[in-house]
Amino acid sequence: MADNNEMTINLVILGRAQTGKSAAGNSLLGSSDFESRCCPSSVTMCCSLGHSCRISGILRRNGCELPLRVRVLDTPSYPHSALSKEQVRNAVRSALARSFGEEGLHLALLVLRADLPLCPDESDHTIQFIQELLGPTWKDFTAVVLTHADKAEEAGFSEELYLHSASSTLLSLLSSVQHKYTFLDNQKTIIKEERATVLRKLLNFIRQNNYQVLQLKHSIE
Ligand SMILES: Nc1nc2c(ncn2[C@@H]2O[C@H](COP(=O)(O)OP(=O)(O)OP(=O)(O)O)[C@@H](O)[C@H]2O)c(=O)[nH]1
Ligand SMILES: [Mg+2]
């Protein structure tokens with residue numbers, strides 16, 4: 001994962017339709033690799049690995065700056081407006097093995113909208129789906145990304161107030177992933193510093209997990 005010249009992190013983005021998954025992928029890469037738009041049906045139809053980006057100013061080792069390489073796999077939603085659960089699951093499984101099979105996965109990002117309540121049924125389905133994909137240690141390798149943070153902020157929610165008002169379903173999910181979550185305003189991450197802040201958080205989650213990687217060949221059998 002880390003050589004003398006740089007460190008690489010491998011991320012996959014998962015979640016329900018139109019939550020801002022592809023936009024989050026673009027935010028993390030600082031690119032527009034993934035098609036992202038408002039639509040009354042699911043936009044992303046297949047998995048795609050964005051062009052990996054190299055970002056400086058995030059990591060230091062022995063007093064020297066170490067560039068961070070970020071690799072992001074965008075995926076079709078589950079549930080999907082045109083694909084069955086099996087189709088999405090098989091597509092994501094094979095893309096994970098193809099993209100990160102050798103190095104392993106550092107973190108799955110479960111994208112939820114900060115401006116919508118998380119209800120028990122949808123949470124259960126999503127968790128079950130992630131569990132099927134990542135296996136029994138999914139909690140160690142999953143972080144929640146709350147997109148549309150701009151809308152929550154516009155509605156007057158500070159982070160503290162937001163967590164105070166959030167559904168018990170969301171709070172229980174955050175607790176089960178050891179509070180690995182971050183808010184994300186996908187419109188703001190064109191600002192380099194905003195993007196660096198989010199990447200630093202993700203890197204901390206990976207550090208908390210002792211830089212372990214999920215070996216996908218094993219978990220998908
Ligand atoms: N205001 C706001 N809009 C957002 C944010 N993130 C995404 N959007 C908008 O939400 C819509 C859907 O975004 P996508 O990135 O296509 O969402 P997706 O989850 O990849 O959608 P599917 O591929 O259809 O599942 C687009 O119009 C985005 O501009 C955000 O943080 N704030
Ligand atoms: Mg998409």
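A residue is termed buried here if 20 or more other C-beta atoms lie within 10 Å of its own. The model analysed is a predicted one.

By that criterion, strand S6 (142-147) is an interior element. Six of its six residues are buried, so S6 is largely enclosed by the rest of the structure. Thr142, Val144 and Leu146 point one way from the strand. Ala143, Val145 and Thr147 point the other way. Both sets are buried. In a regular strand, side chains alternate between the two faces of the sheet. S6 runs parallel to S5, and six bridges join the two strands. One of the pairings involves Leu110, whose bridge partner in S6 is Val144.

Helix H7 spans residues 192-208. Its 17 residues reach 24 Å from the first C-alpha to the last, close to the 24 Å expected at 1.5 Å a residue. Arg195, Leu199, Leu202, Phe205 and Ile206 are buried in this helix. Viewed down the axis of H7, the buried residues fall within an arc of 110°, so they line one face of the helix. Glu193 and Arg207, on the other side, are exposed. The cover over the buried residues of H7 includes helix H1 (21-29) and strands S1 (7-15), S3 (53-61), S4 (64-74), S5 (107-113) and S6 (142-147). Just after the helix, Asn210 adopts a positive phi of about 55°.

The loop between S1 and H1 contains Ala17. Ala17 has 17 C-beta neighbours inside 10 Å and therefore counts as partly exposed. Its C-alpha is 4.9 Å from that of Ser77, although the two residues are 60 apart in sequence. Beyond neighbours within four places in sequence, Ala17 is in contact with Ser42, Ser77, Pro79, His80 and Ser81.

Ligand 1 has 23 residues around it. Of these, Gly20, Ser22, Ser36, Cys38 and Thr44 come nearest. Two elements, H1 and helix H4 (149-154), give two or more residues to this shell. H1 provides the largest share, three residues. By residue class, the shell divides into six nonpolar, 12 polar and five charged residues. H1 thus appears in two settings: H1 contributes to the shell around ligand 1, and H1 is also part of what covers the buried residues of H7.

Terms used. Residues are numbered from 1 along each chain as its sequence is written. Chains are lettered from A and ligands numbered from 1 in the order in which they are written. This is a predicted model: local features need pLDDT of at least 70, side-chain atom pairs count only at pLDDT 80 or more; totals for chains, interfaces and linings use all residues. Helices (H or I, at least four residues) and strands (E, at least two) are DSSP runs, numbered from the N terminus. The expected span of a helix is 1.5 Å times one less than its number of residues. A residue is buried if 20 or more other C-beta atoms lie within 10 Å of its own, exposed if 12 or fewer, and partly exposed in between; C-beta atoms are placed from the backbone. The arc is that of the directions from the helix axis to the C-beta atoms. Two residues are in contact if their C-beta atoms, placed from the backbone, lie within 7 Å. A residue is near a molecule or strand if its C-beta atom, placed from the backbone, lies within 6 Å of it. Ala, Val, Leu, Ile, Met, Phe, Trp, Tyr, Cys and Pro count as nonpolar, Asp, Glu, Lys and Arg as charged, and the others, Gly among them, as polar. Two strands pair if DSSP finds at least two bridges between them.
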